[in-house]
Amino acid sequence: MRRTKEDAEKTRQRVIAAAAEVFARQGVGRTSMEQIARRAGVTRGAVYWHFANKAELYFAMRETVTLPMIDSVDLALKRGGEADALGAIEDMLTGILDALESHRATRRVLQIIHYKCEYVDEFAAELDMHRLRTGEFVTKLARAYRKAKLAGALRAGLQPELAARDTCAFTVGLIRMWLMDEGGVLVRRQARSLIKAHVAGLRAVRPRAPPPGSG
């Protein structure tokens with residue numbers, strides 16, 4: 001029985017990987033379950049054994065990327081602790097960039113999510129999921145920015161909730177631009193500098209020390 005479960009899970013993962021390949025090549029709407037089965041080297045029945053329909057398969061593919069990225073936010077912000085919440089946010093943003101650069105599967109799934117799927121009919125609920133995950137991201141960021149404010153590290157007059165929405169909008173925009181920038185002329189070469197500039201713009205301005213002998 002254990003071997004059977006292991007084989008079934010391997011088949012499920014193979015189907016998810018095949019779906020990502022076909023979705024990326026021709027778009028979600030133009031992809032059939034039959035095409036996914038052929039790419040995975042299994043029967044249509046095997047695909048339907050694991051997934052009731054294409055939307056359910058798409059959701060499973062999406063979870064292979066979005067859940068680890070949400071978890072990475074928690075880990076980065078916890079590492080920053082109370083002492084340097086803004087540094088932790090910068091590390092978290094850089095970690096997302098690292099994932100885009102080094103993980104082909106992550107790039108492909110995010111390309112599908114942002115550019116290869118129409119959110120209509122059975123996929124309309126996906127927008128609700130995007131809103132939910134975006135809200136979770138904003139909540140985590142706001143918590144970190146509140147720590148930064150208490151530590152005197154957040155720019156004067158900037159509320160943590162507004163800073164969180166600012167960083168969320170920056171992150172979504174950076175990811176979308178990075179994905180479309182295959183030639184590296186828009187943001188890919190400057191992405192790390194953009195992250196540093198974004199976080200620096202949120203930091204409190206420290207008063208300059210007077211020059212020696214000025215007083």
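A residue counts as buried when its relative accessible area is under 20%. Keep that cut-off in mind for the close-ups below, which all come from a predicted model.

**View 1. Phe123 meets Tyr58 in an aromatic pair.** With a relative accessible area of 5%, Phe123 falls under the cut-off and is therefore buried. Tyr58 is buried too, because its relative accessible area is 0%. A search of the whole structure finds 4 aromatic pairs. In the one formed by Tyr58 and Phe123, the rings are edge-to-face, 5.3 Å centre to centre, with 90° between the planes. This pair links distant parts of the chain: Tyr58 belongs to helix α4 (residues 54-80), while Phe123 is found in the loop between α6 (104-115) and α7 (125-150), 65 residues apart.

**View 2. Phe123 also pairs with Phe59.** Here, too, the arrangement is edge-to-face, at 6.4 Å centre to centre and 70° between the planes. Phe59 lies in helix α4 and Phe123 in the loop between α6 and α7, so this pair ties together parts that are 64 residues apart in sequence. Phe59 counts as partly exposed because its relative accessibility is 25%. Step back a little and you will find Phe23, Tyr58, Phe59 and Phe123 linked into a cluster by ring pairs.

**View 3. A salt bridge joins Arg62 and Glu126.** The search of the whole structure finds 13 salt bridges. In this one, the side chains meet at 2.7 Å, N to O. Arg62 is in helix α4 and Glu126 in helix α7, so the bridge ties together parts 64 residues apart in sequence. Both Arg62 and Glu126 are buried.

**View 4. Arg192 forms a salt bridge with Asp98.** The closest N and O atoms are 2.3 Å apart. Arg192 sits in helix α9 and Asp98 in helix α5 (residues 85-102), so far along the chain that 94 residues separate them. Arg192 is partly exposed, with a relative accessible area of 33%, and Asp98 counts as partly exposed at 33% relative accessibility.

**View 5. Asp128 and Arg131 form a salt bridge within helix α7.** Their closest N and O atoms are 2.6 Å apart, and the two residues are 3 residues apart, about one turn of the helix. Asp128 counts as partly exposed at 45% relative accessibility, whereas Arg131 counts as exposed at 54%.

**View 6. A nonpolar patch lies on the surface.** Tyr115, Met177, Met180, Val185 and Leu186 make this patch of about 470 Å². Val185 is in the loop between α8 (160-180) and α9 (191-200), and counts as exposed because its relative accessibility is 65%.

Definitions and conventions: Residues are numbered from 1 along each chain as its sequence is written. This is a predicted model: local features need pLDDT of at least 70, side-chain atom pairs count only at pLDDT 80 or more; totals for chains, interfaces and linings use all residues. Side-chain values use heavy atoms; hydrogens and water are left out. Patches are made of residues with over 30% relative accessible area and no salt bridge: like charges are joined within 9 Å, nonpolar side chains (Val, Leu, Ile, Met, Phe, Trp, Tyr) within 5 Å. Accessible areas come from the Shrake-Rupley method with a 1.4 Å probe; for residues, only the protein chains shown count as cover. A salt bridge is a side-chain nitrogen of Lys or Arg within 4 Å of a carboxyl oxygen of Asp or Glu. Helices (H or I, at least four residues) and strands (E, at least two) are DSSP runs, numbered from the N terminus. Buried means under 20% relative accessible area, exposed over 50%, partly exposed in between (1.4 Å probe, protein chains only). Rings of Phe, Tyr and Trp (its six-membered ring) pair if their centres lie within 6.5 Å; planes under 30 degrees apart count as stacked, over 60 as edge-to-face and the rest as tilted.
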